[in-house]
Amino acid sequence: MAADGPLRLVVVTPEKTVLEQDVVSLRFALYDGQIGILPGRAPLLGRLGYGELQYTDPSGNSHSYFIDGGFVQVNGPVVSILTNQSIPAEKVDADAAQSKLEELNASRPTTDEEFASKDRDLLRTRQMLAVGKRF
């Protein structure tokens with residue numbers, strides 16, 4: 001597999017294709033940790049976590065998005081990210097995320113489903129807040 005030339009990043013949500021462009025590197029959250037991708041990467045299929053998608057364009061500029069879980073496929077030079085939502089980091093509302101976090105912390109679940117939902121929402125909101133505070 002050739003390691004020269006850019007990667008093609010495609011980010012898709014249920015509503016639309018959010019991003020489709022050449023990148024020289026990217027980093028994002030898998031459900032069990034972070035991963036970085038460079039040209040020449042072996043094929044990969046993985047489950048995304050909540051957190052930041054950061055990529056560098058061919059001009060050397062860095063860009064960030066909040067991604068809300070989903071799946072990633074690396075196939076040759078194409079990296080496809082399928083996610084529930086993708087928000088440019090500068091548009092993440094840190095104040096709203098902080099309010100949501102306080103609301104979640106105050107909630108008192110009583111069933112297993114409510115506990116699982118609260119745990120998932122806490123993780124998502126904490127990651128969104130971390131991305132929002134950086135910008």
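**Close-up 1. Gly 33 sits partly exposed in strand 4.** In this predicted model, Gly 33 has a relative accessibility of 30%, so it counts as partly exposed. Its place is in strand 4, a stretch that runs over residues 33-37. Gln 85 is 52 residues away from Gly 33 along the chain, and the two C-alpha atoms are separated by 19 Å. Gly 33 also turns up on the contact list of Phe 28, which gets a view of its own below.

**Close-up 2. The whole chain, for orientation.** The protein has 2 helices and 8 strands, and reading along the sequence gives β-β-β-β-β-β-β-β-α-α. Its C-alpha atoms fill a box of roughly 55 × 30 × 25 Å along the principal axes. Of the 135 residues, 40% are buried. Take the contacts between residues at least 6 apart in sequence: 52% of them join residues at least 24 apart. UniProt, in an unreviewed entry, lists residues 7-85 as "domain: ATP synthase F1 complex delta/epsilon subunit N-terminal". That stretch is 71% strand and 0% helix, with its end C-alpha atoms 22 Å apart.

**Close-up 3. Seven strands feed the largest nonpolar core.** This core has 20 residues, and the ones touching the most other members are Leu 9, Leu 26, Phe 28, Ile 37, Leu 53, Val 79 and Ile 81. At least two core residues come from each of strand 1 (7-12), strand 2 (17-23), strand 3 (25-30), strand 4 (33-37), strand 5 (44-56), strand 6 (62-75) and strand 7 (78-82). A second core of 13 residues is separate from this one, and includes Tyr 50, Ala 89, Val 92 and Met 128. As a rule, nonpolar side chains in soluble globular proteins tend to be buried together.

**Close-up 4. Phe 28 and its neighbours.** Leaving out residues up to four places away in sequence, what does Phe 28 touch? The list is Gly 33, Gln 34, Ile 35, Ile 37, Leu 48, Glu 52, Leu 53, Ile 67, Val 72 and Ile 81. Ile 37, Leu 53 and Ile 81 are, like Phe 28, among the core residues that touch the most other members.

**Close-up 5. Glu 52, a buried acid in strand 5.** Glu 52 lies in strand 5 and has a relative accessible area of 10%, so it is buried. Its side chain makes a polar contact of 2.5 Å with the side chain of Ser 64. Not counting residues up to four places away in sequence, Glu 52 touches Arg 27, Phe 28, Ala 29, Ser 64, Tyr 65, Val 131, Arg 134 and Phe 135.

**Close-up 6. Asp 57 in the loop between strand 5 and strand 6.** Is this loop residue, Asp 57, buried or exposed? With a relative accessible area of 9%, Asp 57 is buried, even though its place is in the loop between strand 5 and strand 6. Beyond four places in sequence, Asp 57 touches Gln 21, Asp 22, Val 23, Val 24 and His 63. Ser 25 is 32 residues from Asp 57 in sequence but 7.6 Å away in space, C-alpha to C-alpha.

**Close-up 7. Gln 73 in strand 6.** Gln 73 belongs to strand 6 and is partly exposed, at a relative accessible area of 38%. Leu 44, Leu 45, Val 78, Val 79 and Ser 80 are its contacts, not counting residues up to four places away in sequence. Val 18, 55 residues away along the chain, has its C-alpha atom 16 Å from that of Gln 73.

**Close-up 8. Helix 1 has a buried side and an exposed one.** Helix 1 covers residues 94-106, and its 13 residues reach 18 Å from first C-alpha to last, close to the 18 Å expected. Ala 94, Ala 97, Leu 101 and Leu 104 are buried. They span an arc of only 80 degrees around the axis, so they end up on the same side of helix 1. The face turned away from that buried side carries the exposed residues Asp 95, Glu 103 and Ala 106. Helix 2 is part of what covers the buried residues. At the start of helix 1, a side-chain oxygen of Asp 93 comes to within 3.1 Å of the backbone nitrogen of Asp 95.

**Close-up 9. Helix 2 packs against strands and helix 1.** The 22 residues of helix 2 should span 32 Å, and the end C-alpha atoms are 31 Å apart, which agrees. Its buried residues are Lys 118, Asp 121, Leu 122, Thr 125, Met 128, Leu 129, Val 131 and Gly 132. These pack against strand 5, strand 6, strand 8 (86-88) and helix 1. Met 128 is also a member of the second core, while Val 131 is one of the residues that Glu 52 touches.

How values were computed:
Residues numbered from 1 in each chain as written. Predicted model: local features only at pLDDT ≥ 70, side-chain atom pairs only at ≥ 80, totals over all residues. Heavy atoms only, no water. Core = buried A, V, L, I, M, F, W, Y, C linked by side-chain atoms within 4.5 Å. Buried < 20%, exposed > 50% of the residue type's maximum accessible area, 1.4 Å probe, protein only. Helix = DSSP H or I, 4+ residues; strand = E, 2+ residues; numbered from the N terminus. Contact = heavy atoms within 4.5 Å. UniProt positions renumbered as here; feature names shortened; annotations may be inferred. Expected span 1.5 Å × (residues − 1). Arc of directions from axis to C-beta. Polar contact = N/O pair within 3.5 Å; in protein donor to acceptor, adjacent residues only side chain to side chain.
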